[in-house]
Amino acid sequence: MSEIDATPVLRQWFSYMDSDDPDRVLTMIAPDFRMSVQFSTGEGRSAEFVGDHDGLVQYLAQREKSTLVHHIDTGARVEDVELVLGRTTRAGAFEASFNATASLDRAGAVRRLLIGRTPEISFD
């Protein structure tokens, strides 16, 4: 199994996020879901989006839809945790690197989600 094949939940998550209907990620979360998304736009400017189901709804509402494409470059699964390193592109050009970690429940739903994103570092 390749490293990327080890992270099917996060691959699906980012596939939904890149689509015209990113709200489908709401079907992937557990009842006790909690998240933190650290979102840097560069030069020390950043925002943190935190919360539960309602926090995710708010995060989704402020996002650009169908603009960025997430590329997972490598990933691993350790027990019930998936971890990925990737990059986002806009119109094919590098925009930012990201790390994502998801803790899953027994059914494969996302219980915890931690994402860090920055345009300041590229792993190419």
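## Close-up views of a predicted model

**View 1. Glu-95 and its charged neighbours.** With a relative accessibility of 21%, Glu-95 counts as partly exposed, because the buried class stops at under 20%. Keep in mind for this view and the rest that we're looking at a predicted model. Glu-95 pairs with Arg-90 in a salt bridge, N to O at 2.8 Å. Arg-90 is partly exposed too, at a relative accessible area of 30%. The pair isn't on its own: shared partners in salt bridges bring Glu-64, Arg-90, Glu-95 and Arg-117 together in one network.

**View 2. A salt bridge between strands β1 and β6.** Across the whole model, the salt bridge count comes to eight. One of them joins Arg-111 to Asp-32, and their closest N and O atoms sit 2.8 Å apart. Arg-111 belongs to strand β6 (residues 110–118) and Asp-32 to strand β1 (residues 29–42), so this bridge ties together parts of the chain that are 79 residues apart in sequence. How accessible is Arg-111 in this pairing? Arg-111 has 25% relative accessibility, so it goes down as partly exposed. Asp-32 comes in at 34% and is partly exposed as well.

**View 3. Arg-77 meets Glu-82.** Here the side chains of Arg-77 and Glu-82 form a salt bridge, 3.7 Å from N to O. Is Glu-82 buried or exposed? Glu-82 is buried, and its relative accessible area is 0%. Arg-77, on the other side of the bridge, has 41% relative accessibility and counts as partly exposed. So this view pairs a buried acid with a partly exposed base.

**View 4. Two phenylalanine rings, helix to strand.** Searching the whole structure turns up three aromatic pairs. In one of them, Phe-14 and Phe-98 sit 4.9 Å apart, centre to centre, with 50° between their planes, which makes the pair tilted. That label follows because planes under 30 degrees apart would count as stacked and those over 60 as edge-to-face. Which parts of the chain does this pair link? Phe-14 comes from helix α1 (residues 8–17) and Phe-98 from strand β5 (residues 93–104), distant parts of the chain that are 84 residues apart. Both Phe-14 and Phe-98 are buried.

**View 5. Ser-19 in the loop after helix α1.** Ser-19 is in the loop between α1 and β1. The residue is buried, with 14% relative accessible area. What does the Ser-19 side chain reach on the backbone? There are two contacts to look for: the backbone oxygen of Tyr-16 at 2.7 Å and the backbone nitrogen of Asp-21 at 3.0 Å. Leaving aside residues up to four places away in sequence, Ser-19 also touches Arg-24 and Ser-66.

**View 6. Gly-55 in helix α2.** Gly-55 lies in helix α2, which covers residues 53–62. Gly-55 is buried, with a relative accessible area of 11%. Which residues does Gly-55 touch once those up to four places away in sequence are set aside? Met-35 and Val-50 are the ones it touches. For a landmark from View 2, take Asp-32: Gly-55 and Asp-32 are 23 residues apart in sequence, and their C-alpha atoms are 12 Å apart in space.

**View 7. Stepping back to the whole chain.** The chain has two helices and six strands, and along the sequence they follow the pattern α-β-β-α-β-β-β-β. The C-alpha trace spans about 40 × 35 × 25 Å along its principal axes. A compact globule of 124 residues would have a radius of gyration near 14 Å, and the chain's value of 14 Å agrees with that. How much of the chain is buried? Of the 124 residues, 40% count as buried. Looking at contacts with a separation of 6 or more, 48% are between residues 24 or more positions apart. The accessible surface adds up to about 7,000 Å², and carbon and sulfur atoms hold 51% of that.

Methods. Residues numbered from 1 in each chain as written. Predicted model: local features only at pLDDT ≥ 70, side-chain atom pairs only at ≥ 80, totals over all residues. Heavy atoms only, no water. Phe/Tyr/Trp six-rings, centres within 6.5 Å; stacked < 30°, edge-to-face > 60°. Helix = DSSP H or I, 4+ residues; strand = E, 2+ residues; numbered from the N terminus. Buried < 20%, exposed > 50% of the residue type's maximum accessible area, 1.4 Å probe, protein only. Salt bridge = Lys/Arg side-chain N within 4 Å of Asp/Glu carboxyl O. Polar contact = N/O pair within 3.5 Å; in protein donor to acceptor, adjacent residues only side chain to side chain. Contact = heavy atoms within 4.5 Å. Rg over C-alpha atoms; globule rule 2.2 N^0.38 Å. Areas by Shrake-Rupley, 256 points an atom, 1.4 Å probe, with all protein chains shown as cover.
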